[in-house]
Amino acid sequence: MIPFRSQPSTPRLREGYALLHQHDPEPAGLNRLLEACGDSPRSTDRWVRVLARSAWHLVVLDPGGRLVGFVRATSDQALNANLWDLVADPADPCRDEVIAALVQAALARLRRELSGCSISLSAPPEALNALTRAGFVVDPGGIRAMGLDLRNHAEGGTGRG
């Protein structure tokens, strides 16, 4: 396991913002946040399954109690941990602070609970500064991740043999 570089101080959210570890967000709020970030919404049933199958999730609420940040983690509890859905509302004036707080809190929790796991994540471009400050290396050694969008994948393949 490659150790993280020395960590910057934990970012503080502005007064009135709250980073919560034990808060189950409403699917409608999660979908509003995803859509604001340019992602597709998910059905309520899918959100229920996703949250139930995640090891944990973190949310950030603004002073009015509105969901403005989210990240969730999955893990095999042995070798791998994955961060998913790292998002912060682009209209929120504290977006960079929200992302930085989510990244730092998620990494601290992973270090505490799953210290031997490698960590992977898919992140939006606006999260790269926070991730770099936290010790992540973008595409180390030219390693690139790949994913398959099952919504756009035709069933049965291309028909070519």
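The backbone of this fold is an open sheet of five strands, ordered 1-2-3-4-5 and mixed in its pairing. At its edges stand strand 1 (18-20) and strand 5 (118-121); each has a single partner strand, so one side of each goes without a neighbour in the sheet. From one strand to the next, the twist averages 15°. The model is a predicted one, and everything below should be read with that in mind.

Stepping back to the chain as a whole, it holds four helices alongside the five strands, and reading along the sequence gives the pattern β-α-α-β-β-β-α-β-α. Of the 161 residues, 37% are buried. The chain exposes about 10000 Å², with carbon and sulfur atoms supplying 53% of that area. As for who touches whom, take the contacts between residues at least 6 apart in sequence: 65% of them join residues at least 24 apart.

Strand 3 is a good place to look more closely. Eight of the nine residues in this strand (residues 67-75) are buried, so the rest of the structure largely encloses it. On one hand it pairs with strand 2 (residues 56-61), in the antiparallel sense and over six bridges. Within that pairing, V60 has G69 of strand 3 as its bridge partner. The hairpin made by strand 2 and strand 3 has five residues between the strands, and G65 there adopts a positive phi near 85°.

On the other hand, strand 3 pairs with strand 4 (residues 80-88), again antiparallel and over six bridges. Two pairs of residues help to fix the register by eye: R72 has W84 of strand 4 as its bridge partner, while T74 stands opposite N82 in strand 4. Here too the strands form a hairpin, this one with four residues between them, and Q77 in the turn carries a positive phi of about 65°.

Now for the helices that lie on the sheet. Helix 1 (residues 27-36) lies across strand 3 and strand 4, and it runs at about 100° to strand 3. Helix 3 (residues 95-113) packs on the sheet as well, touching strand 1, strand 2, strand 3, strand 4 and strand 5. The direction of helix 3 makes about 155° with that of strand 2.

Finally, the aromatic side chains. The structure holds one aromatic pair. W47 and F70 make up that pair, in an edge-to-face arrangement with 6.0 Å centre to centre and 90° between the planes. The pair links distant parts of the chain, 23 residues apart: W47 belongs to helix 2 (residues 44-53) and F70 to strand 3. How covered are these rings' residues? With under 20% relative accessible area as the cut-off for buried, W47 counts as buried because its relative accessibility is 1%. F70 is likewise at 1% relative accessibility and therefore counts as buried. W47 also has a charge for company: the charged end of R42 sits over the ring of W47, 4.6 Å from its centre.

Put together, strand 3 is the thread that runs through much of this picture. It pairs with strand 2 and with strand 4, has helix 1 lying across it, is touched by helix 3 and supplies F70 to the aromatic pair with W47 of helix 2.

Conventions:
Residues are numbered from 1 along each chain as its sequence is written. This is a predicted model: local features need pLDDT of at least 70, side-chain atom pairs count only at pLDDT 80 or more; totals for chains, interfaces and linings use all residues. Side-chain values use heavy atoms; hydrogens and water are left out. Buried means under 20% relative accessible area, exposed over 50%, partly exposed in between (1.4 Å probe, protein chains only). Two strands pair if DSSP finds at least two bridges between them. Axes are lines fitted to C-alpha atoms, for helices over the stretch in contact, and angles run from 0 to 180 degrees between N-to-C directions. Contact means heavy atoms within 4.5 Å. Rings of Phe, Tyr and Trp (its six-membered ring) pair if their centres lie within 6.5 Å; planes under 30 degrees apart count as stacked, over 60 as edge-to-face and the rest as tilted. A charge sits over a ring if NZ of Lys or CZ of Arg is within 6 Å of the ring centre and within 35 degrees of the ring normal. Accessible areas come from the Shrake-Rupley method with a 1.4 Å probe; for residues, only the protein chains shown count as cover.
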